[in-house]
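Me: I've got this model open on my screen and would like a close look at a single part of it. Could you walk me through how two packed helices sit against each other, and then what lies around them?

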Amino acid sequence: MEERNIEIEPYKVKNNLIKLTGEVRLDSVDGVFLIEDDKLNLYGKELSNGEILIPRTKSKVMNLKITPKWEAGNYLKDVKELLHDDENISDAVLLRLRIKCDKTCWSGEQHKIKLSEIGKKVIEAKIPLSELSEEIEIESFITREVKYSKEVPLKATERLSILSQNEAFKIQIDNMKTIGGNFLPIEPKKLKDLLFQFSEANKHDIPIIYYSDELEEFFKRNNLMTVNNTFIFIMPAFLEHYLKWVIFTSQSNPIDKEYDSLVEKLSTLCKCEKSEMYEVISDNDTEKKLQKFLEWSKKLFEEIQYKSGISFRNELLKNIKLERKLKKEIQ
Amino acid sequence: MKRYLNNHDYFKKELNPESTDKAVSSNRTAALNMYQKDFLKYISAELKLHEEGEVTHNELQMIQKVKTEIKKLKEKNRNISPQNLDFELGKIFHDNLKIDRQLINDWNFWRWLSLNYFLEKIQWRWAKEERAKTNMDKAAKNIFDHLIGKNKNHRIFPRRLWIIGLRLHDKMNGYNLLDKISQNLKTRQGGFGDYINNIVDDKLVSHNDYVSKILGELLLAETKVQSKSVVVRSFKKYNGYKNRLISEAGRELFEKEICQL
C-alpha cells in the first residue's frame, strides 16, 4: 500500500505525560503480572510454583486492569498550553487508550477517559488470545475532541488531532522468533571444520553469516531445541560483529532499508537513538568510535539477553526442566 | 492445521517458473499447470518440504466445504469473469474456514493450504485467460505468484480471500455489506481491485475492522460506485494522517475528510 504523510500545519505536542499502571491476569494461571516499565514478557516467565509459562497452552483469555496516571509534573498546565486560550480543558480533550496487535491487525475498542478521571478510573479489558499473535501494545493518546475554527499558529485545530502520545506498553505472549536470522543474512556454505563464519567485510554489503551446510536441514527447521539454543547463545557474538562492522567499516546508508533496519535494531539494543548511531558511523574520529563501541557493546550484551522477545534466562530454565523431564521419562 | 517449516525463499528458489535454466523453467511451468493430484506428486518428488502440526478430520471437512462451495459458485456464474467473484469467494472462505485470527499472518500455514488444496482454483481465478490462449508461461507466473505470494505474501490465494471475508463480516449484520459490494462489482465499474489491495494489506488496524467496513460502505456499496482514483486517494488519505487518531471516527468524518464525497 502506498503511503504518504498528510501535510498539516505543525502544532505543538507534549509527549509522555501519562504512565500506565495495573495488572494482567491469564485465565487458568495463578498469579498477577504487573504493568510497569515498558514491557511485560509473559512467554517463558517463571511462575511462583516453578512452572514456566507458555501463555497460549494454558489460557484462552487475557484480563487487563489498567489505571492511567499522570507522570510527575504540572500536567494540567502542560495540556492547557496545547489548547486555545478560550477553551475548557474538560470539553476539549480526552485520554484514549487503544489495545492492539499489529501482527493480527486486531484492535480492541478505544477506551475514552476524561482527564479528571486519570489516576482514578480503572479500565478493564478481556482479550481472547486466539485474536493475538506474538505481542500486544497498549497505546495512550490525549486527543483534541472538538474542531477549533480559528487558525492559531502552532495549535492543533482538527478533531482527533493527537496532542500527546506515550510510548506503547507491550505484553509479549508468544516466542517472537526475532532471534535466529529474521533480520540478519544467514546462508549455508561448505565450511570444513567451522560451524559459523562471516563473509569478507566491505563497506557496502552487510556481512553474511555462513553456517556449515551439513546442518542446513536442521537449521531451516524452527522446532529443534538444540538449534534454537545454539542461535540464542551465539547471537550476542553475531550482533557484536555487526556493531563493529556498522561503526568501523560500513558506509552510512540510511536509504538502504536493510542497512537502516540493522542500525535501528542495534541502536534499540544499545539503548541509544538511531540518529546518534548514524552520527558515530559518519564520524571520522576513531577514538570517539572506539569509546562508543565499548560503551554500546556492553549494553548490547545485556539487552539482548531479555529485550529481543526471548529471555535467555527463562529459555535456559525452561529447557533444563524439559531435559530433566525427558531423562526421567527415558529412565 | 499444518504449516510448512520451509520459508518463503525456499519456494522462490525451488518452484519459481522464471528460472535462467530453460529445462528447469519448462518443468516448473508444466507443474504449475497440472491437476492438483499430479502437482502434489511433483512437489513430493522434487521439493524437500517439511511440515509441522496436524490436520483434524473437522479441518479437512472445512477445506472440502470451501472447495465444494467454490465449485458451485463457478457453475452458477459460468458467464462471469472470475475476478468479479472475489467478494463471493471471500465470503466462502471466511464463512467455512473457521480458524483463529492468530493465523492471519502465518504465511507458512497459508502456503501449506494453498499448495495442497487450491492449485486448480488459482489456475481458474488467475490464469483462465492465459491458459485459454495457451500462454502457459504467463499462466505459470500468475499461478506461482498467488500460490506462494512471490513478491507479496498478501497475494497467497486462500489468505487474500479469507481476509476479504474477515474484514467485511459483521457480528450483527453478517455479510450484508460484502453482498452489496459484490453485487455492485458484477454490475458496475469502480475501484474494487484497489479496495481489495488495501484491505488485504495488514496496515489497517481498527476495532471490528471498522475502517475497512466504513470505507467499503462509502466507496463501493452505494448506488454510485466510486472510481479507482477516489478509492486510491481515500486510502492514501487515511494512511497519511499520522497525527490524528481517526480509526474510530464517525461516518461524517470519513465521508467528508477521508473520501471527500
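Reply: Here's a walk through one helix pair, followed by the core and the chain contact. Keep in mind that this is a predicted model.

Let's start with the pair. Two packed helices are described by the angle between their axes and the distance between the axes. For helix 10 (residues 176–187) of chain B and helix 12 (residues 210–220) of chain B, the angle is about 35° and the axes are 10 Å apart. Their crossing is left-handed. On the helix 10 side of chain B, the contact comes from Leu177(B), Ile181(B) and Asn184(B), while helix 12 of chain B brings in Lys213(B), Gly216(B), Glu217(B) and Leu220(B). Sort those by class and you get 3 nonpolar, 2 polar and 2 charged residues.

Now for the core. In soluble globular proteins, nonpolar side chains tend to be buried together. The largest nonpolar core here has 100 residues, and Ile143(B), Leu147(B) and Ile164(B) are the ones touching the most other members. Leaving out residues up to four places away in sequence, Ile143(B) touches Leu32(B), Ile122(B), Gln123(B), Trp126(B) and Ala127(B). There's also a second, separate core of 20 residues, with Ile232(A), Cys270(A), Ile281(A) and Ile304(A) among them.

Last, the place where the chains meet: 31 residues of chain B are in contact with 33 residues of chain A. On the chain B side, helix 13 (residues 228–240) of chain B gives the most, with 5 residues. By class, that side of chain B has 10 nonpolar, 10 polar and 11 charged residues.

Definitions and conventions: Residues numbered from 1 in each chain as written. Chains lettered and ligands numbered in written order. Predicted model: local features only at pLDDT ≥ 70, side-chain atom pairs only at ≥ 80, totals over all residues. Contact = placed C-beta atoms within 7 Å. Helix = DSSP H or I, 4+ residues; strand = E, 2+ residues; numbered from the N terminus. Nonpolar A, V, L, I, M, F, W, Y, C, P; charged D, E, K, R; others polar. Axes fitted to C-alpha atoms, helices over the stretch in contact; angles between N-to-C directions. Left-handed = near helix turned anticlockwise from the far one by under 90°. Core = buried A, V, L, I, M, F, W, Y, C linked by C-beta atoms within 7 Å. Buried ≥ 20, exposed ≤ 12 C-beta atoms within 10 Å, placed from the backbone.
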